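Here are a few exercises to work through with the model open beside you. Try each one yourself before reading its solution.

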Amino acid sequence: MIVSGSTALEFFDRTKYADADLDLYVDHHYRQPIILWLKSIGYTFMPHPSIGPQSLDTVLNEIPRPTSPAMYPGAMLVLDFLRPNSRSRIQLITSSASPLELVLSFHSSERLCQS
Amino acid sequence: MNLITHNKAYSVFPRETFEERRSLVYVRDTDSAVQARTKYERRGWRFITEIDADEMQDSTSAFADGSRHLGDSKCWTIGLQPDLEFSPKFWEANSWSMHYNVDSHPMHIWSLIQRGLYFTYLSDTSLWLWPAHVKYEETDDEQ
């Protein structure tokens with residue numbers, strides 16, 4: 001699993017963005033421990049209305065059809081997690097092959113992400 | 001392009017990103033790309049769609065044409081503490097190359113190496129570089 005996007009940018013640039021998500025990239029085969037860990041520390045899966053899996057059971061147990069939005073070419077799933085009373089969002093992006101491939105094939109040398 | 005693993009943080013284009021605040025665009029404009037780009041422009045980045053011929057050949061530029069691997073001398077690599085003592089990971093075995101097409105449009109090129117391995121790796125087409133990087137990473141972990 002790797003961290004990329006705004007959080008990695010903040011780390012190097014020693015800045016803080018108010019609208020930054022935590023973007024996690026993981027090989028789709030190894031999504032389960034990450035998802036269970038997010039759940040164990042209080043994060044709830046927030047399905048996108050009408051697109052992608054609607055429950056965690058589906059996410060964990062079924063082989064999905066890739067539902068990657070245009071923003072994430074090559075992604076298998078883009079899953080949002082939120083914690084009650086917190087605005088910080090974790091976005092878990094699963095890759096069909098290497099998560100690094102998703103990061104490198106992004107729109108530009110500064111990774112762009114959807115806010 | 002920046003990423004953080006369990007033991008190191010890597011910036012693939014550090015001088016361009018943090019000193020020059022330039023970002024090289026790989027895709028033709030789409031609505032979603034333009035929308036996302038606006039956010040980074042607000043944060044102070046300038047987007048360029050091509051580089052000049054001098055920079056393409058400038059071996060000190062991370063945007064130059066040529067081979068790269070994670071943790072190479074063009075990367076800004078920061079070791080993270082504490083050491084989590086995970087089994088060795090081989091992120092630095094990932095390699096690719098940066099090329100420009102006839103329209104000077106940039107692209108990253110790699111092959112995927114997956115067969116028989118626990119994880120999938122990106123490999124620059126000059127494959128013989130690959131095992132050398134793996135060895136380097138192992139040595140690093142033993143320190």
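Two strands pair if DSSP finds at least two bridges between them. Strands (E, at least two residues) and helices (H or I, at least four) are DSSP runs, numbered from the N terminus. This is a predicted model, where local features need pLDDT of at least 70 and side-chain atom pairs count only at pLDDT 80 or more, while totals for chains, interfaces and linings use all residues. Residues are numbered from 1 along each chain as its sequence is written, and chains are lettered from A and ligands numbered from 1 in the order in which they are written.

**Exercise 1.** Work out the strand order of the open three-stranded sheet in chain B.

Solution. Start with β5(B) and β7(B) (residues 95–100): four bridges join them, and they run antiparallel. One bridge to check is S67(B) with S97(B) in β7(B). Next, add the remaining strand to get the order β5-β7-β8, with antiparallel pairing. The edges are then β5 (66–69) and β8 (106–109) of chain B, each pairing on one side only. Finally, neighbouring strands in this sheet are turned by 30° against each other on average, direction ignored (axes are lines fitted to C-alpha atoms).

**Exercise 2.** Find the pairing partners of β2(A) and decide whether this strand is enclosed or not.

Solution. On the antiparallel side of the story, β1 (residues 2–4) of chain A pairs with β2(A) over three bridges; I2(A) stands opposite Y25(A). With β5(A), the pairing is parallel and takes six bridges, including D27(A) with S95(A). Now for burial: a residue is buried if 20 or more other C-beta atoms lie within 10 Å of its own, exposed if 12 or fewer, and partly exposed in between, with C-beta atoms placed from the backbone. Five of the six residues of β2 (22–27) of chain A are buried, so the strand is largely enclosed by the rest of the structure.

**Exercise 3.** Place A97(A) and list its contacts beyond four places in sequence.

Solution. First, A97(A) sits in the loop between β5 (89–95) and α4 (99–104) of chain A. Counting gives 19 other C-beta atoms within 10 Å, so A97(A) is partly exposed. Contacts (C-beta atoms, placed from the backbone, within 7 Å) then lead to chain B: L112(B), Q114(B) and T120(B).

**Exercise 4.** Check the confidence of chain B.

Solution. pLDDT is the predictor's confidence in each residue, from 0 to 100. Chain B has a mean of 83, with 84% of its residues at 70 or more. Over residues 136–143 of chain B, though, pLDDT is below 50. Where pLDDT is low, the predicted coordinates should not be read in detail.

Technical notes. Two residues are in contact if their C-beta atoms, placed from the backbone, lie within 7 Å. Axes are lines fitted to C-alpha atoms, for helices over the stretch in contact, and angles run from 0 to 180 degrees between N-to-C directions.
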